[in-house]
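Work through the exercises below with the model open. Try each task before reading its solution.

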Amino acid sequence: MARVAFIVTTCHEFEGIKVLSSILKKHGHHADCFLHSEEKDFHKAVLDWQPDVVGIYATTGQEAWPYEYIRRWKKELKHLKVVMGGPHPSHDLEPLLHEDVVDATVKGEAEYAVIDLVEAWAAGRPIDDIPNVGVLKDGKPVQNPIRPVIQDLDSLPFPDVDVFYKYPFLRAKRVMQVHVSRGCQNSCTYCSVGLMKKDWVSGRRGEKFNRQKSVDYVCEEMNDILARYPDFKMVNFGDAALNMTRGWIEEFAEKWPKRVGLPFACNININYLKESDIVALKKAGCVSVQFGLESGSEKVRLEVYKKGYTDDIVYTIPRLLRKHKITYRTNNIMGSPAETLEDMFETARVNKRIKPNGCTVLIYRPFRSTVLGQQDFQLGRVDEQKDIGPSIQNDSMMKREDVREVVNLQKLFNVAVYMPGGEALVRQLIRLPRNKAFDFTLLSFLWYQHAVVSGYGMLDDFKLGLKNVGQIFGKSGVQKRRSFLDTIETGNEASF
Ligand code: B12
Ligand code: SF4
C-alpha cells in the first residue's frame, strides 16, 4: 500500500486533493496533505510522514516552488516518486524536463490515473501506458491519451476534508469550502475552462463535461462533514456556477434548508439565471453571489471574451438580486489585449451603475491554457522575461505602453467605483509610480468586501493575511515570496 503526500502552498482547502485523497484511501492507500503555511517545519513534516509518492497541485506559475524541497526529500527517501497534477501540467509538460524532481504528470481528472500510477510504482511496473499520465521518453515529454471524465460525480466517495481540517486554522474558520460540480456552461476565451472542455473530454459520444452532484449527495456530504466539524457557520460553493443544471437549484431550495440549513455564498452565470432561480437561491439560504462582469464594454464581453453577457443581462440581473435581497460582487479584468485604458474606466463606470456590494479586480494573465492566451503568445504580445509570480492580482505580463497605468488602475479600481469624484482622482493617481499605498488600497477593499459583504468574517480573513504578510506581491518559484493576494480566498476564482 502506498503512502501519498499532497503538498500545496496556498492556505485553502483544495477540492481536487480532497477527492484524490478519499479515492486513494478507498483503494487501501494512505494519503495526507501538507500545507506550507501551516507547518512549522515543512521539510521535516513531510519527511517524517515517510511518503512513497509526493503529489503537487499546480496552477501556472505555481509549479516550481517545491522543487528544492523535493530534491532534499529525494536524497533522504531513495524510493520517492513525484507526480504533478492540476491545470498547469494538464496543458504544459515542461515540469517533466526537471527530471531530478518530477517523475510523472497527470492531465485532467486524476482519480483513476493516480490509483494506477501509485500501484504501478509500488509494484515496480512501467507507468508509460497509463492513460492521463505524462512521462519523459528519450528526453522528450510524452502525454498519454486521457480517459473519459467521470460522468457520475455521485459515484465518487465523499471528499476527504480531514486532510485539510487537521489544521486548526482551516477547521476553525466560519466558512466551509465546498464543490458540487465540474465544468461550466460558458467557454470564456480568457479562462482555461474553454480548452479543458475540448481537451479533457475523450470525444466519446454522449460524454458530458458539465456535471453536478445530486442534491441528495450534497446534503449527505455536508452532514457527514458537519457531524465531525460542527462549528462552520456558512458554506461557500467554489464551483464556476451553482446554476449549472436546469432544475437543480429548485430541488436544492427544497432540500438544503431542511437537511443542512447553513447560509451560503456561490458563483453564478448570469446569462443562465432567471428570476425564478434567484427566488430559489434566496429560499435555499443564499446570502451572497459573485459573477464575472469582466468588461464594461458589451463588444469586448461578447466578441472577444465570448462571455455571453449582453448589456441587457448585465443591467437586469443586479436589479433582480437587489429586489430579492441577495448581495452581489463582480469580477473584473484589467489589461487584456482587447481593452484600452478608457475601456477599463468604462468597466468602473458600469460597476458604479449596477451597484455591486464589492468588486474583485484581477489583472489579465495570458495562460497558454486559454484561447486568448495562446493568441497572445503567438502574436508576441507577452513579455516572457517578466516574472509576475503566480498571481493574477499582482502585475501584468502584457507588452503595453500603459502597463503602469493599468496595474495602478487595478489597485485603485474600487476608489473609482465607490468614492464620490473617485474616477477623476484615480485618473491622476495612476500616472504615479506603483507603490505600497496602492497595493494596500486594493487589499483593504478586498478584505472589507470579502470579509464583511460576503460574510467570510473579518478575523478569519485578517488572520489569513497575517500568515502570509511577508510574501506580498511575490515572484514565481520561491515559496517564500508568494503573493499575499494569492492567499485570500476571494470566494470565487471561476470568473477570471
Ligand atoms: C475553485 C478554484 C480556486 C479556489 C480553490 C483552488 C482549487 N484548485 O481548489 C481558489 C480560490 C483558492 C483558487 C485560487 C487560484 N486559482 Co483557481 N480555480 C478554481 C476553479 C474555479 C475550480 C477548481 C476546482 O476545484 N475544480 C474541481 C476539482 C475537483 O478539480 P481540480 O481542482 O481541477 O482537480 C482535479 C485535477 O486537476 C487533478 N488534480 C488536482 N490536484 C492534483 C494533484 C495531483 C498530485 C494530481 C496528480 C492531480 C491533481 O485531479 C483532480 C480530480 O479530478 C478553477 C476553474 C475550473 N473550473 O477548474 C480555477 C483555476 C484552477 N484557477 C486558476 C488560477 C489562475 C488561480 C489562481 C492563481 C488565481 C490567483 N489568485 O491569482 C489561484 C492559485 C491558487 C492555487 N494554489 O491553486 C486557473 C488556473 C489556470 C492555469 N492554467 O494555471 C483556473 C483553471 C481558472 C482559469 N483562470 O482558467 N482557485
Ligand atoms: S470565466 Fe467563469 S464563466 Fe467563463 S468559462 Fe471560466 S468558469 Fe465559466
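Helices (H or I, at least four residues) and strands (E, at least two) are DSSP runs, numbered from the N terminus. This is a predicted model: local features need pLDDT of at least 70, side-chain atom pairs count only at pLDDT 80 or more, and totals for chains, interfaces and linings use all residues. Residues are numbered from 1 along each chain as its sequence is written.

**Exercise 1. Check the length of helix α1, then describe its surroundings.**

Step 1. Take the expected span of a helix as 1.5 Å times one less than its number of residues. Helix α1 (residues 15-26) has twelve residues, so it should span 16 Å. Its end C-alpha atoms are 17 Å apart, which agrees.

Step 2. Count burial. A residue is buried if 20 or more other C-beta atoms, placed from the backbone, lie within 10 Å of its own; it is exposed with 12 or fewer, and partly exposed in between. Nine of the twelve residues of α1 are buried, so the helix is mostly covered. They are G16, I17, K18, V19, L20, S21, S22, I23 and L24.

Step 3. Find the cover. Contact means C-beta atoms, placed from the backbone, within 7 Å. The cover includes strands β1 (3-8), β2 (30-35) and β3 (53-57), along with helices α5 (111-123) and α6 (162-165).

Step 4. Look past the end. G28 follows α1, with a positive phi near 90°.

**Exercise 2. Trace the open sheet of six strands.**

Step 1. Pair the strands. A pair needs at least two DSSP bridges. The order is β8-β11-β12-β13-β14-β15, with parallel pairing.

Step 2. Name the edges. β8 (175-178) and β15 (358-363) each pair on one side only.

Step 3. Compute the turn. Axes are lines fitted to C-alpha atoms, for helices over the stretch in contact; angles run from 0 to 180 degrees between N-to-C directions. Neighbouring strands are turned by 20° against each other on average, direction ignored.

Step 4. Inspect one pair. Six bridges join β14 (residues 327-334) to β15, and the two run parallel. R329 has G358 of β15 as its bridge partner.

Step 5. Add the helix. α16 (residues 403-418) packs on the sheet and touches β14 and β15. Its direction makes about 175° with that of β15.

**Exercise 3. Which residues of helix α15 are buried, and what do they pack against?**

Step 1. In α15 (residues 371-378), V371, L372, G373 and D376 are buried.

Step 2. These residues pack against α8 (193-199).

Step 3. G380 follows α15; its phi is positive, near 70°.

Note on methods. Chains lettered and ligands numbered in written order. Contact = placed C-beta atoms within 7 Å.
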